[in-house]
Amino acid sequence: MSDGTRSDDRGEGLRKVARVVLLDSRDRILLIHGFEPEDPSTTWWFTPGGGLEGDESREQAARRELAEETGITEVELGPVLWRRVCSFPFDGRRWDQDEWYYLGRTEQPAAWTGGQTELERRSVTGLRWWTLEELAEVREPVYPTRLVALLRRLLDEGPPTAPVILETERV
């Protein structure tokens, strides 16, 4: 993760992030279980992804992050489903991000890779495939916060014709 930046709600100056809504052949979604490094009791689930490095595109970043965090390299990357601006505290500072969520499909199982950053090694406990029904019952926070409804709509209607702009989220 690179340094977060301050910005306005237009997305200018924000950390550029690519995430993957990764589904398998049974329409299960792969999520990562994270926690606050200084307080392991504060946990949540989130999609694979992270910040762009150098001059890579968002799609390149999505593929790289997916491989680093899950070991999955055999992925059919589809369109950008959603975009959101978010701001959250993590590891003693505030992260301000412009996130793009790509649809991904795979048959490859996820594996803990050891390719995580030092911060990820201090703040991630593992991976899990979730059915929509299981995800709807989880009591821990899931990001983005409307993921269950967004996933339900995706599975019912297919990908949107243009990225859906999600509400700015500040935690």
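Two strands are taken to pair if DSSP finds at least two bridges between them. In this predicted model, strand β5 (76-90) offers a convenient point of entry, since its pairings can be followed one by one.

The pairing of β5 with β6 is antiparallel and comprises 12 bridges. These two strands form a hairpin with two residues between them, and Asp91, in the turn, has a positive phi of about 55 degrees. Within this pairing, Pro89 lies opposite Arg94 of β6.

β5 also takes part in parallel pairings. With strand β9 (residues 164-165) β5 shares two bridges in the parallel sense, and Val164 of β9 is the bridge partner of Trp82. Strand β10 (residues 169-170) likewise pairs with β5 in the parallel sense over two bridges; here Cys86 faces Glu169.

Trp82 leads from the strands to the interior. Leaving aside residues up to four places away in sequence, Trp82 touches Val21, Glu99, Trp100, Tyr101, Leu147, Leu150, Leu151, Val164 and Leu166. The bridge partner Val164 is thus among the contacts of Trp82.

The largest nonpolar core has 19 residues, and Trp82 is one of the four that touch the most other members, together with Ile29, Leu31 and Leu135. Two or more residues of this core come from each of β1 (15-23), β2 (29-36), β5 (76-90), β6 (93-105), α3 (132-137) and α4 (147-157). The greatest contribution is that of α4, which gives four residues. A second core, separate from this one, has 13 residues, among them Val20, Leu30, Ala61 and Tyr102.

Key:
Residues numbered from 1 in each chain as written. Predicted model: local features only at pLDDT ≥ 70, side-chain atom pairs only at ≥ 80, totals over all residues. Heavy atoms only, no water. Core = buried A, V, L, I, M, F, W, Y, C linked by side-chain atoms within 4.5 Å. Buried < 20%, exposed > 50% of the residue type's maximum accessible area, 1.4 Å probe, protein only. Contact = heavy atoms within 4.5 Å.
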